[in-house]
Protein chains: 2
Amino acid sequence: MRKLPPLNALRAFEAAGRHLSFSRAADELAVTPGAISQQMRILEDWLGAPLFRRDPKGLSLTEAGQAALPHMREGFDRLAAGVRLMKASDGPCRVTVSVAPSFASKWLVPRLDRFQEKHPQLDVYVHADMNLIDFADDDVDVAIRFGPGGYDGLISERLMSETIVPVCAPGLINGDPPLKEPSDLKNQTLIHDDSNRDGVATWAMWLRAAGVDCDGNRGPRFNQSSLVLEAAVAGKGVALARYALAVADLEAARLVIPFNYETPTDFAYWVVYPEAKAALPEVASFIEWLKAEAQDADPK
Amino acid sequence: MRKLPPLNALRAFEAAGRHLSFSRAADELAVTPGAISQQMRILEDWLGAPLFRRDPKGLSLTEAGQAALPHMREGFDRLAAGVRLMKASDGPCRVTVSVAPSFASKWLVPRLDRFQEKHPQLDVYVHADMNLIDFADDDVDVAIRFGPGGYDGLISERLMSETIVPVCAPGLINGDPPLKEPSDLKNQTLIHDDSNRDGVATWAMWLRAAGVDCDGNRGPRFNQSSLVLEAAVAGKGVALARYALAVADLEAARLVIPFNYETPTDFAYWVVYPEAKAALPEVASFIEWLKAEAQDADPK
DNA sequence: GACTCGCGATTAGGTTTCCTGATAGATAAG
DNA sequence: CTTATCTATCAGGAAACCTAATCGCGAGTC
């Protein structure tokens, strides 16, 4: 026989522990902070043990709270998945995918009609956001992320690897000054991508690796990779692009690779989702499609 | 943002769906059947879809209910595991294991002191029961079962395989009549084990396989394997024993194998537990110990 | 066929749980 | 010093929840 404390108190704990703030938990659950405070007192009384340390400078979880929190999260995730299975088994339903804006515009959106074709009853809601999202906060089913992988408490499956290539508009190659080899880059405008804070190849790194002695910090900068690519398409200069993002423009000959000098990265694209989401058939279909699509694009 | 229906309604649904009976669910949750009925109405209203078919001849789940039920079960299991982690991180705690009476007395109990030695702060509660148990109903953490494996919605890990051997008290071999080869069994009392309903080797099957023409149905019968073995130890006749159960008596020379004629079975011993239970360190320790212990006993 | 039993549905009314709104204390920033 | 932010606490009220009683239905039983 399971003996559980009041379920609302557990839900309040899950939110409070996640935010490490009673106020934000109250906000999430659409109640007042006082309600959360009381629920926590009730829960701690029921347990006979404290879950939070109320330091003057902020809230933190006790060891017990720390240990229990992931299970609470997972438990409520499961319940939510179950509830979604209960209602409206037929009819249109929606998969929400969180993805970086550049990847959305350059990779995902161009392929999305293929998914629509295969699953006409499913609507995809693309949630483009630079920031990592919180699956419990936002109503996100699955995320695509570029990085080292290994996201805690979530399932991450590798979609494809990535390489960095220089790209520019076709006209630049035989322009004046011409662009035939890496050292010609000294005479070109370099377009910079500031969106990868995590030290994915920069021009400075690339030039050093290619043995070109040149200040790699000059030139326009953008905080989104798609803007970088569009600047390159417009002939504004030479950009360092993630191949997956540039591939559509390359195939359409709006961009070319002036010299073949690929730089593989340790980072890769990952599908990331909470374990419980895999139970939803619409989410499972989307993930499966994503992986197949990535397989085609990047047979490794 | 997760949007969940009233949590108590979900818990009521989980219990009602599991028992396929509002009354028994009410019993489990210590409320009246009317309460369950109302909770189900509330939940179905909230969803806008029915979860149960109220046939005159009994309750059954709709497709939606069927799909959601396992997730509810798993979700509440997780919450329960989390709650157990919250309270009393130190101090003695208990692991409850459900096991067949014979296996308990002949295999588990003789080894249990080794576990106690290794984990002095853990108490093991042996719940011996002929019937399969319901992990949600009874407060059982882990079960050991003899069978084909593959229990739905639960994790099952193979402990060891099993073979069937004839056994008897040492005195019978050179007694009068003597017991030197299978055909001598015609002159012996055969002790029968009725505990295995699922067609694990019977004397009739065994004699046919061994080419002995003899009516294999005569002799005393017991509904527990441990009683069968004890009758054999007492010299009442020859028994067909599962090796794992007889091994302690064989090593102590209270029993012998009159002729080497092992019959392997497709069945094996399994540790079975709900996924969420593995989160509890005491349960994880016990399972780990069980597997190590089985490895020693049956290096496969 | 009448009777009983078991089971679920339903309703009114009461109890418990839960939340609000106001207030207080404590901390950090302006 | 003032303001903003955060948690704790309390009383009162709203909402959720449960009980108790009753009804309807079908399956056995005699």
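This report covers confidence, symmetry, the chain contact, the nonpolar core and the surface near DNA strand C.

**Confidence.** The model is predicted. Chain A has a mean pLDDT of 87. In that chain, 95% of residues reach 70 or more. Among the elements of chain A, H1(A) has the highest mean pLDDT, 95. The lowest, 82, belongs to strand E8 (residues 221-222) of chain A. Where pLDDT is low, the predicted coordinates should not be read in detail.

**Symmetry.** How is chain A laid on chain B? A turn of 180 degrees does it, with a shift of 0.0 Å along the axis. The RMSD is 0.1 Å. This relation is therefore that of a two-fold axis. The same surface serves both copies, and 97% of the contact residues of chain A recur in chain B. Which residue of chain A comes closest to the rotation axis? Gly75(A) does, with its C-alpha at 2.1 Å.

**Chain contact.** The contact between the chains draws on 38 residues from chain A and 37 residues from chain B. On the side of chain A that touches chain B, two elements give two or more residues: helix H1 (7-19) and helix H4 (63-86) of chain A. H4(A) makes the largest share, 18 residues. By class, this side of chain A holds 22 nonpolar, 7 polar and 9 charged residues.

**Nonpolar core.** The largest nonpolar core has 158 residues. Those with the most contacts inside it come from both chains: Ala232(A), Ala239(A) and Ala241(A), along with Ala232(B), Ala239(B) and Ala241(B). What does Ala241(A) touch, leaving out residues up to four places away in sequence? Its partners are Val165(A), Val167(A), Val228(A), Leu229(A) and Ala246(A).

**DNA strand C.** There are 22 residues around DNA strand C. The nearest are Val31(A), Thr32(A), Gly34(A), Pro56(A) and Gly34(B). Three helices each supply at least two residues of the surface near the strand. They are helix H3 (33-47) of chain A, and helix H2 (22-29) and helix H3 (33-47) of chain B. H3(B) gives the most, with 6 residues.

The table sets out the classes on the two surfaces.

| Surface | Nonpolar | Polar | Charged |
|---|---|---|---|
| Near DNA strand C | 9 residues | 10 residues | 3 residues |
| Side of chain A that touches chain B | 22 residues | 7 residues | 9 residues |

Methods: Residues numbered from 1 in each chain as written. Chains lettered and ligands numbered in written order. Predicted model: local features only at pLDDT ≥ 70, side-chain atom pairs only at ≥ 80, totals over all residues. Near = placed C-beta within 6 Å. Helix = DSSP H or I, 4+ residues; strand = E, 2+ residues; numbered from the N terminus. Nonpolar A, V, L, I, M, F, W, Y, C, P; charged D, E, K, R; others polar. Contact = placed C-beta atoms within 7 Å. Least-squares fit on C-alpha atoms with pLDDT ≥ 70 in both. Core = buried A, V, L, I, M, F, W, Y, C linked by C-beta atoms within 7 Å. Buried ≥ 20, exposed ≤ 12 C-beta atoms within 10 Å, placed from the backbone. pLDDT = per-residue confidence, 0-100.
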